[in-house]
Every structure is written in C-alpha cells, then in structure tokens.
There are 2 protein chains.
Amino acid sequence: MAQRNTAVTDQADCPLPEVLRLIGDKWCIQILVELGEGPRRFTQLERAIDGISRRMLTLNLRNLERNGLVSRTVHPDAPPSVEYAITPLAEDIRDPLETLANWARHAAPALIAARQTYDARLGAER
Amino acid sequence: MAQRNTAVTDQADCPLPEVLRLIGDKWCIQILVELGEGPRRFTQLERAIDGISRRMLTLNLRNLERNGLVSRTVHPDAPPSVEYAITPLAEDIRDPLETLANWARHAAPALIAARQTYDARLGAER
DNA sequence: CGGTATCCCAAAGGATACTG
DNA sequence: CAGTATCCTTTGGGATACCG
C-alpha cells in the first residue's frame, strides 16, 4: 500500500502538491463548503465567509473556476446576477471538505491548548 | 493589526480560516497522510515527499507539533533518531485527508483539461 | 451587484552551507 | 541523522478606489 513516489508523480505537469495547493488557499475550503450547500451569489459568499476580502474572493473563485471545480453562471438581469456552484468534479470532495471544516471548529480549543503547552515548554527549557 | 472580525467565530482566538490554514500549507496534507500510514523518521519523510525542501519539512513538522497534530520522539541513539507520528487529534482527519490526496491524484488530468479549456476560451474571447 | 486595478506588506517557500 | 541559519524570490493577501 505504501507506493512511494521516488520518481515524482504520474502527471509530470501536475504534481500532487500543486493540486493540493488548490484547496490550501486559506479561503478555498470555506468557499467550496459553502457552495457545497447550494449555489450562491457573489455577495452571498462575501457575507457568509467572514473576513474575506473582495479581492481574495474574486481570485479564489476565478482559480476554482479555471480548474473546473466551480461553475459561474451570469444571468443577464438589470442588476447583474452571477451564480456560483460546485461542479461534479468538486462534488467528489464535498464530504471530506465538510468533515475538515467541522473538525476545524470542533478541534480549535484543543489546538489552542496544544500551542500553549508547546510554547510554555519552550520557554522553560530554553 | 486588522481586527475586522465583526462577529467572528465562536473561538475568538482561533477563527476557522486560521485552523484551516494549518492543513493548507502545501506540504501539510502530504505529511499528515504519510504519517497516517505509520510513524516516520525525518529523512524518510524527506524522501517520501518528493520536492519538499529540508527547511519546509522542518517548519511544517514544527508547526504541526506545536498545534498538537504530530508528536516528535527522540531516541538517544548514537546516530540521532527522531520519530514523528500523528496524534489522536490528527487521527480524526486521517480519512478525509487521505480521500483528498487520492482525489488529487485521480482528478489531476481533469484539472489540467479544465485549465486548458478555460485558458483557451479566454484567449479567444479577449 | 459584481467585479477590476492598484498599492503595498507579510508570509511562504526554495537553495544550500553549516552543525551537534 | 536531523536539523539550524541565512539569504533571497515569489506568492498570498488586505485595503480601497473605481467601473460597467
């Protein structure tokens, strides 16, 4: 089961870390999780994801769209209306991402505690 | 400091994006997945994770250790021997992370295809 | 509403020489 | 073996003004 990749990954053009960086962009997981619950409009996302800047939301959505994880549909209304949704490709990771997000909430206190222990120990030993 | 979390999350000290950044550090997922298969030594990890620099491996391991996701055990041998392993806290996300890693491998071709389509379309329309 | 454009700073990350 | 230290480049990311 331990198939080590001595000679890089299979896809020379798209190594593992590069693909994983996709979902490691600080806001990406939250965006995908939010969209996983249903299509959302730009400002809906902006409000739902606390603290995200307009610029970063745009950049992340573009990047996700470019990589085929998110679709962007423009409805030609009087006030512009754009709807974002996850694609089937992204559906495959909806569950694990949601699990991670839930874990993040649940584990936060433990992480803080761990940090304090670690930092305190460092202060004592050094 | 930009304290712009109006309502913020429940844990004032540890908002969601900050926790998620933990696993979004480009190499973090791979490190955790690798350790998920069993304890590993420094150089084992260095070889297993293709392309990672010594510096980044160290930094990531330290960070994971600090946050209680990875344990570090030093065996006082003649040649230094250090063993890394995931903690129970990280066990909780072993499965979703593994799923993500597998997905990354599997979905890589589709991502590349999506990008080419997107980039081509942009070139034509602009 | 749904973005772009610009500016600027902080953090991530690579390379690599050195060390107990 | 398992790191640390140093240097330097690239990327991420916030703020905000502006636009169709």
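1. Helices here are DSSP runs of H or I with at least four residues, numbered from the N terminus. On that footing, Lys26(A) sits in the loop between α1 (16–22) and α2 (28–36) of chain A. Bear in mind throughout that this is a predicted model.

2. Lys26(A) is worth a look for its backbone: phi is positive, about 70°, although the residue is not a glycine. Most residues other than glycine have a negative phi. Lys26(A) has a relative accessible area of 36%, so it counts as partly exposed, given that this class runs between 20% and 50%.

3. Now for chain B. Lys26(B) also has a positive phi, near 70°, and is likewise a residue other than glycine. Its place is the loop between α1 (16–23) and α2 (28–36) of chain B. With a relative accessible area of 35%, Lys26(B) is partly exposed.

4. Next, Asn60(A), which belongs to helix α4 (residues 54–66) of chain A. Is Asn60(A) buried or exposed? Its relative accessibility is just 4%, so it goes down as buried, the limit for that label being under 20%. As for what its side chain does, it reaches the backbone oxygen of Met56(A) at 2.8 Å.

5. Last, the surface charge. Which residues gather in a patch of negative charge? They are Glu91(A), Asp92(A), Asp95(A) and Glu98(A). Of these, Glu91(A) lies in helix α5 (residues 88–91) of chain A. Glu91(A) has a relative accessible area of 39% and is therefore partly exposed; that value also fits the patch criterion, which asks for over 30%.

Terms used: Residues are numbered from 1 along each chain as its sequence is written. Chains are lettered from A and ligands numbered from 1 in the order in which they are written. This is a predicted model: local features need pLDDT of at least 70, side-chain atom pairs count only at pLDDT 80 or more; totals for chains, interfaces and linings use all residues. Side-chain values use heavy atoms; hydrogens and water are left out. Patches are made of residues with over 30% relative accessible area and no salt bridge: like charges are joined within 9 Å, nonpolar side chains (Val, Leu, Ile, Met, Phe, Trp, Tyr) within 5 Å. Accessible areas come from the Shrake-Rupley method with a 1.4 Å probe; for residues, only the protein chains shown count as cover. A salt bridge is a side-chain nitrogen of Lys or Arg within 4 Å of a carboxyl oxygen of Asp or Glu. Lys and Arg count as positive and Asp and Glu as negative; His and the chain ends are not counted. The place of a charge is taken as NZ of Lys, CZ of Arg, CG of Asp or CD of Glu. Helices (H or I, at least four residues) and strands (E, at least two) are DSSP runs, numbered from the N terminus. Buried means under 20% relative accessible area, exposed over 50%, partly exposed in between (1.4 Å probe, protein chains only). A polar contact is a pair of N or O atoms within 3.5 Å; within protein, one must be able to donate a hydrogen and the other to accept it, and residues adjacent in sequence count only if both atoms are side-chain atoms.
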